[in-house]
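Trainee: I'm new to this one and a bit lost. Could you pick a single part, look at it closely with me, and then show me what lies around it?

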Amino acid sequence: MEGKITCSLCSVYEHDMDVLLMQAMLSDAGFLALFLDKTDWRSMGLTAVHAELSNTETDLGETDITVILTDGETKYALLIEDKIDAMAQPEQHQRYLKRGEKAVKDGTFADYRVFIVCPQKYYDTDNEAVKYEHFVSYEECAAYFQKGTDTMSPIRYQQVMQAIDKAKRPPQVTIKEEANRFFRKYREYQREHFPHLIMRTKETANGYWPDYQTCYPYEKVVLYHKMSDGVVDLTFTGGKDRLSALEAVCGWLNRNGMTDICAMVTGKSVALRINVPKISYRYGFDNIPADDLDKCFTAVSRMVELAKFLQDVQNFFTEENA
């Protein structure tokens with residue numbers, strides 16, 4: 001149709017959807033009402049005044065989208081978990097509740113409601129997703145945007161539909177039973193002994209390179225435990241041309257006691273690396289010494305903390321120069 005706006009993304013990631021949802025909730029009262037109408041706040045006349053992505057607390061994990069609302073005097077919050085197809089993490093819902101209660105106690109806002117936003121099929125088939133008190137489907141979002149007459153609505157509609165289509169596509173990875181069995185035991189050990197770590201890798205994966213959540217968006221920084229290589233990499237994607245800057249950071253870390261960290265080029269990216277014991281499904285999980293596992297997970301924990309430190313430094317200088 002002549003004049004029709006179209007857009008196509010090579011792939012839609014959860015962070016892309018986070019941004020879309022955040023912007024729509026701040027700019028479109030009708031879209032915000034999709035959420036408020038599912039709560040007991042529907043008649044309170046709340047408006048959105050602030051939103052934040054990836055609010056992370058070291059011990060309590062990450063809130064994908066935080067939307068602050070007000071009735072003119074009191075602040076309230078929507079805490080939103082966004083999923084396309086990544087498996088919901090065990091206790092993830094409980095961590096949302098804990099973060100909300102902590103914020104209420106600290107006086108950040110007076111009350112909160114917790115949502116999950118995801119494709120309907122995801123919600124219908126994931127045991128963790130159904131634990132959330134409130135739910136808005138991608139399909140509901142798409143139906144809302146499809147009716148919009150403003151410039152952004154057709155663009156948002158097409159992005160949401162591409163995300164739904166991505167969720168429907170079957171995984172392209174061939175699962176090896178032996179590798180997956182090893183990985184599931186690895187995950188169980190991590191949950192029991194290092195529960196503060198948030199693993200992104202699906203339980204249905206082979207799990208050769210488990211990746212962990214950091215304070216950075218997934219598309220910018222990825223934390224891999226490359227098990228059979230015996231390394232933990234905090235990888236800055238597409239940053240090969242910035243190796244000298246990362247080497248300078250690494251030099252400062254080395255001079256300040258973190259002598260086991262080095263800077264590396266990994267494909268088109270760069271990484272801060274810690275060497276750890278090599279582990280592999282070929283060894284059999286029960287044959288891996290607990291001390292070796294603990295060294296691996298301790299290195300992952302250190303990298304999560306380092307990512308938070310680096311982001312705090314980056315934010316400080318960004319705010320100073322604003």
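**A β-α-β unit and beyond**

Mentor: Let's begin with β4, helix α4 (residues 120-125) and β5, which together make a right-handed β-α-β unit. Keep in mind that you're looking at a predicted model. Strand β4 covers residues 111-118, and its pairing with β5 is parallel, running over four bridges. To pin that down on screen, find V117: its bridge partner in β5 is V136. Now look at β5 itself, residues 134-137, which is covered on both faces. H134 and V136 sit on one side, F135 and S137 on the other, and all four are buried.

V117 has another role to notice. It belongs to a core of 32 residues that also includes L46, L78 and V160. This core is the second one, separate from the largest nonpolar core, which has 39 residues. In that largest core, the members touching the most others are Y186, Y212, L234, F236, L272, F297 and M303. Several elements give two or more residues to it: the helices α7, α8 (243-255) and α9 (290-321), plus the strands β7 (221-226), β8 (231-236), β9 (261-266) and β10 (269-275). The biggest giver is α9, with nine residues.

Take Y212 as a way into that core. Leaving out neighbours within four places in sequence, its contacts include Y186, F297, L223, H225 and V300. Others on the list are Q190, L197, I198, M199 and R200.

While you're there, have a look at the open sheet. Its five strands come in the order β6-β7-β8-β10-β9, with antiparallel pairing. β6 (211-212) and β9 are the edge strands; each has a single partner, so one side of each has no neighbour in the sheet. Further in, β7 and β8 pair over six bridges in the antiparallel sense, and K226 stands opposite V231 of β8.

Rings are worth a stop too, as there are 18 aromatic pairs in the structure. One of them is F109 with Y112, a tilted pair with 6.5 Å between the centres and 55° between the planes. Both F109 and Y112 are buried. Compare Y144 and F145: their ring centres are 5.8 Å apart and their planes meet at 75°, so this pair is edge-to-face. The two partners also sit in different surroundings. F145 counts as buried because its relative accessibility is 0%, while Y144 has a relative accessible area of 25%, so it is partly exposed. There is also an aromatic cluster made of F182, F183, Y186, Y189, F194, F285 and F297. You've met Y186 and F297 already, among the best-connected members of the largest nonpolar core.

Last stop: N180, in helix α7 (residues 177-193). Its relative accessibility is 10%, and therefore N180 counts as buried. Its side chain has a polar contact with the side chain of R184, at 2.8 Å. A polar atom of that N180 side chain also lies 2.8 Å from the backbone oxygen of A205. Not counting residues up to four places away in sequence, N180 touches I175, E203, T204, A205 and N206.

Terms used. Residues are numbered from 1 along each chain as its sequence is written. This is a predicted model: local features need pLDDT of at least 70, side-chain atom pairs count only at pLDDT 80 or more; totals for chains, interfaces and linings use all residues. Side-chain values use heavy atoms; hydrogens and water are left out. Buried means under 20% relative accessible area, exposed over 50%, partly exposed in between (1.4 Å probe, protein chains only). Two strands pair if DSSP finds at least two bridges between them. A crossover is right-handed if, with the strands pointing away from the viewer, the path from the first strand over the helix to the second runs clockwise. A polar contact is a pair of N or O atoms within 3.5 Å; within protein, one must be able to donate a hydrogen and the other to accept it, and residues adjacent in sequence count only if both atoms are side-chain atoms. Contact means heavy atoms within 4.5 Å. A nonpolar core is a set of buried Ala, Val, Leu, Ile, Met, Phe, Trp, Tyr and Cys residues joined through side-chain atoms within 4.5 Å. Rings of Phe, Tyr and Trp (its six-membered ring) pair if their centres lie within 6.5 Å; planes under 30 degrees apart count as stacked, over 60 as edge-to-face and the rest as tilted.
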